[in-house]
Amino acid sequence: MAYFSSDAKSDMLLNNMCEVYNNMILDARDKPILTLLEKLRYLLMIKDILLKNQKATGEYIPRKSNQWNYEIIGASIMDNWAMDLEKRTCSCRKWSLNGIPCKHAIAAI
Ligand SMILES: [Zn+2]
């Protein structure tokens, strides 16, 4: 409360960042501290993978086929991928196998 401005005249101390964080750890909030920390480690690991995939998107050019489907074009003919955002699948199969959007999916998004 010490750092909030008194201009808003509200006692609500919640913001969207708190709500998102609480929602992300919802299933681990009532667990022991080690379980909660393991959940946080898992989420940070996913974030690192997403950042790594995001950095690699510059290698690809997404070409929209229809509302949900894209062709992701890489540097070589062997580096072209088919993406279905509605089904959350990529022909590289990484998104289907680990549930984390691959670099091709992020290029399309
Ligand atoms: Zn992919």
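In the predicted model, N53 makes contact with P101, C102, K103 and I106, leaving aside residues up to four places away in sequence. N53 belongs to helix α2, which covers residues 33-55. The relative accessible area of N53 is 13%; because this value lies under the 20% cut-off, N53 is classed as buried.

The chain as a whole contains 4 helices and 4 strands. Read from the N terminus, these elements follow the order α-α-β-β-β-β-α-α, with two helices preceding the strands and two following them. Helix α2, which carries N53, is thus one of the elements placed before the strands in this order.

The overall dimensions of the chain depart from those of a compact globule. For 109 residues, such a globule would be expected to have a radius of gyration near 13 Å, whereas the chain has 19 Å. The C-alpha trace extends over about 60 × 40 × 25 Å along the principal axes. Buried residues, a class that includes N53, make up 26% of the 109 residues of the chain. Among contacts with a sequence separation of 6 or more, 25% join residues 24 or more positions apart.

The accessible surface of the chain amounts to about 8700 Å², and carbon and sulfur atoms contribute 58% of this area. The chain bears 15 positive and 12 negative charges. The mean position of the positive charges and that of the negative charges are separated by 5 Å.

An unreviewed UniProt entry lists residues 81-109 as "domain: SWIM-type". In the model, this segment is 38% helix and 21% strand, and a distance of 14 Å separates the C-alpha atoms at its two ends.

Two arginine residues with positive phi values were examined in the loops on either side of strand β4. R88 is situated in the loop that links β3 (80-84) to β4 (89-90). Although R88 is not a glycine, its phi is positive, at about 55°. The relative accessibility of R88 is 56%; as this exceeds the 50% cut-off, R88 counts as exposed, in contrast to N53, which is buried. R93 lies in the loop between β4 and α3, the latter comprising residues 94-98. The phi of R93 is likewise positive for a residue other than glycine, with a value near 70°.

Note on methods
Residues numbered from 1 in each chain as written. Predicted model: local features only at pLDDT ≥ 70, side-chain atom pairs only at ≥ 80, totals over all residues. Heavy atoms only, no water. Rg over C-alpha atoms; globule rule 2.2 N^0.38 Å. Buried < 20%, exposed > 50% of the residue type's maximum accessible area, 1.4 Å probe, protein only. Contact = heavy atoms within 4.5 Å. Areas by Shrake-Rupley, 256 points an atom, 1.4 Å probe, with all protein chains shown as cover. Lys, Arg positive; Asp, Glu negative; His and termini not counted. Charge placed at Lys NZ, Arg CZ, Asp CG, Glu CD. UniProt positions renumbered as here; feature names shortened; annotations may be inferred.
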